[in-house]
Amino acid sequence: MSGERRLSFRAGELAERLGLALRGDPSTRVTWVGTLTGAGPDQLAFLANPRYRAQLAGSRAGVVIAREADVDGYPGTVLLASDPYAAYARAASLFQPTATLQPGIHPTAVVDVSAQVHADAAVGPLCVIGAGSVIGAGAALGPGCIVGEHCTVGAGTRLVARVTLVARVRLGERVLVHPGAVIGADGFGIAMDADMWRKVPQLGGVIIGDDCEIGANTTIDRGAIDDTVLEEDVRLDNQIQVAHNVRIGAHTAIAGCVAIAGSTRIGRYCLIGGAAGIVGHIEICDRVTVTAMTLVTHSIREPGEYSSGTPLMDSRSWRRNAARFRQLDAHFRRNRER
Amino acid sequence: MSGERRLSFRAGELAERLGLALRGDPSTRVTWVGTLTGAGPDQLAFLANPRYRAQLAGSRAGVVIAREADVDGYPGTVLLASDPYAAYARAASLFQPTATLQPGIHPTAVVDVSAQVHADAAVGPLCVIGAGSVIGAGAALGPGCIVGEHCTVGAGTRLVARVTLVARVRLGERVLVHPGAVIGADGFGIAMDADMWRKVPQLGGVIIGDDCEIGANTTIDRGAIDDTVLEEDVRLDNQIQVAHNVRIGAHTAIAGCVAIAGSTRIGRYCLIGGAAGIVGHIEICDRVTVTAMTLVTHSIREPGEYSSGTPLMDSRSWRRNAARFRQLDAHFRRNRER
Amino acid sequence: MSGERRLSFRAGELAERLGLALRGDPSTRVTWVGTLTGAGPDQLAFLANPRYRAQLAGSRAGVVIAREADVDGYPGTVLLASDPYAAYARAASLFQPTATLQPGIHPTAVVDVSAQVHADAAVGPLCVIGAGSVIGAGAALGPGCIVGEHCTVGAGTRLVARVTLVARVRLGERVLVHPGAVIGADGFGIAMDADMWRKVPQLGGVIIGDDCEIGANTTIDRGAIDDTVLEEDVRLDNQIQVAHNVRIGAHTAIAGCVAIAGSTRIGRYCLIGGAAGIVGHIEICDRVTVTAMTLVTHSIREPGEYSSGTPLMDSRSWRRNAARFRQLDAHFRRNRER
């Protein structure tokens, strides 16, 4: 970390900025964040999960964010929060080094004459911006981003680096897109025609709402006719595949490597576990949780948690049990006959 | 879509171009495509799945492509097709805006002196073309594509943007490759040697047949000794992994996020569902369908549909049943003893 | 392959270089590698798996690397090795064309004034190197690589092409990273705060040990507070997702499309099969093998092989058996009652 400028905050200043009650020495100064077990006297840590309460006693952290109920008898400096994780998130953002992209267009960027780049926007080295595209106020494109034709990048939106918007993509405001993401590539539309595949033109676009986050190497395809849509505050981790004409409801969070097939609709405030699969043309209602690596094969109409799969076993036991899976139906039939 | 030029067609003109019978007013003019429920009077829609026949009555679409049997009593203008989806695919391609890449090499592209670029080919901004590579007539490389050494891009082939061909990759004619695809990276070959991994050099190439399509962020590794091969008209969706020395037969279509391990051979006219896995060193015969998220663990010698996995359940029921999976073999043994 | 320079070796020279005993004609000259069935008289092949012994008799390979026990009666020229696959790996590396990157910084690269690039390092066309980053001796960045701020690329490390190091990434020596890999993107940290997601700043880095290999389009996120760590000689295939604060032990090899959730620790000398999933906050001890597409849902404390899933079946049989999975617990309860 040598070479990065560090900020520093006194505990009293943090209490004020974050609107939290302080217990202990307001002059304690912290310059970075740390874990409860790893932080030193100049670092800020947090205790959110009561399971880790035992770590507090031995912590050398200068300041700790915690629930009042969890700091009984702890003599150190504490910022009291009803939700320590959310409070930590706000605190940590104070320490985050600000990006160094300068407003303006880097001389190595290639910008079409018909594109409109706001004077406050930053377009980094080796970016390409195509015909008819619009880059909003305060938007920032890191190095190597490609914005195709007829795309819109909303105010305050940041493409970290090497993001590709293919065509007809509309990103809202304050969207954050990580490297390698590809938004607006053709959906997978093919029709068998005289024993050959014929490509079905993909003519729709992609609409991404305000405050969404799109992970590294995630792909979101353009719609076949209508658009593919992410409502506001949707959070996608890395390597997720969102097929054409999917619609994802506001505030839904999806973990890495999830595959979502075409025309499926996912509700609001859903949580989809890593590497889950969701087949096409179904609907998942609001507030559904899907556990890791589950395959969702039909619509879900009741909020709650859903799963599929089998438990982890040593392979020898697994082979013995898995062989019986093949015989289940026969076994059931035999049993009923008796 | 403001700023894009729109074409327009009369119904009679579409009938003639597509070789379809017309019922209704040949002068009806359409300028874009739409869904049955969303299209307006200036849009072309289609009805392929009889399940959606009820939507026809309320459709405001100017022209509809449909089977004769499905339009009984519908008063609007119809193009009659025995396969409405394939006919729609052909119709929609008429409306597709043509790419604006100009033939020639963009001044910001870096092209090795020993590379051969056809005079009709287009090489977009910030592309790199390595030693000994050949770009064919009418081929188009969108922005940011990297073509390594000793690669061939066939006539009429299009790399949309930011595609990487690493080395010894041969793309046929009319191939379409979407952004983020990496073709020709080293296969995963390692040998344990004195408690360390030793890399096994990957010296083969990749051969992609004519009319293939390769999805966004899909990876196809070069062979270890021989080549990795996709025969003609293979269609790969996004985020598929094709390991070294795989061979995929002509006209096979593979949905997103499928993982195919090394040296496996897949037949012709296969359909592989999303997020399926296929282990290495096996053979799948022609006309096999694999359902989503299935793991193919052994060779398949009979055409047909194959699956693995367990059904979706609410997590509480799932946990109860999954716990029993561990006890299956013991249960079967107990039962036989009785 | 026209245009690539080919080396050639006599069998006696190979025996000497590789430290292997020779049987047959030391003057036999080979210019490339081949498979047992495909190699011609000027090619070097190997026989590692005794299952393929029958292929030896008909092989036209000029020289074969094999175990003494497997070449009984074979009249051709043989290099005898106790581990033919590892010996082949060493032999094949002699034939591998050397990369043509020249030391120095390509004029189209954009290098921050505060970055340090060793005089022996090669920085290819259209690379970007950010503030405070260091590129070591003999390191090579192929075309289109982006190195963010405060990153280190160790001596002899090679980024093949279009690799992205986002920020605070430290690569050891002799690391090999394939195209499309994204190392150091933000981990997926979000906290619900007043019905909106709030981003938890990701302030840690990524540390990659010496001799690691990172596959195409693989993503390795930076830590939330502490670093994400790969120890030395970790081998990752393509499209793997490594979440924030994961730690992977030395000499572990992971096949394509594996998803590893946050804060999980994987031991040394583990082998993780393709498309497996590993949930967060667990520990896997040394020398664990996980079979393809298994979901690891809890810590593993004993070396050995682990699995989950169900066997592959034709879909009709599968549907019948899978339906019974839903009834397993009820069935067990009924049975005990009897």
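**A parallel sheet and a shared interface**

Q: In this predicted model, how many strands form the open sheet of chain C, and which are its edge strands?
A: In chain C, 10 strands form an open sheet in the order S9-S12-S15-S18-S21-S26-S29-S32-S35-S38, with parallel pairing. A strand at the edge pairs on one side only, and this holds for the strand of residues 110–111 and for the strand of residues 295–296 of chain C. The sheet therefore has 10 strands, and its edge strands are S9 and S38.

Q: Which residue of S32 in chain C stands opposite C:Gln241?
A: Strand S29 (residues 241–242) and strand S32 (residues 259–260) of chain C run parallel and are joined by two bridges. Within S32 of chain C, the residue opposite C:Gln241 is C:Ala259.

Q: What area do chain A and chain B bury between them?
A: The contact takes 77 residues from chain A and 74 residues from chain B. Of the area buried between these two chains, 62% lies on carbon and sulfur atoms, and the total is about 6100 Å².

Q: How many salt bridges does the rule find across the interface of chain A and chain B?
A: One salt bridge between these chains joins the side chains of B:Asp329 and A:Arg320, at 3.4 Å from N to O. Across the whole interface of chain A and chain B, the number found is five.

Q: Which residue is the bridge partner of A:Ser307 in S40 of chain B?
A: Strand S39 (residues 304–307) of chain A pairs with strand S40 (residues 313–314) of chain B in the antiparallel sense, over two bridges. In that strand of chain B, the partner of A:Ser307 is B:Met313.

Key: Residues numbered from 1 in each chain as written. Chains lettered and ligands numbered in written order. Predicted model: local features only at pLDDT ≥ 70, side-chain atom pairs only at ≥ 80, totals over all residues. Heavy atoms only, no water. Helix = DSSP H or I, 4+ residues; strand = E, 2+ residues; numbered from the N terminus. Contact = heavy atoms within 4.5 Å. Buried area = accessible area lost by both parts, 1.4 Å probe. Salt bridge = Lys/Arg side-chain N within 4 Å of Asp/Glu carboxyl O.
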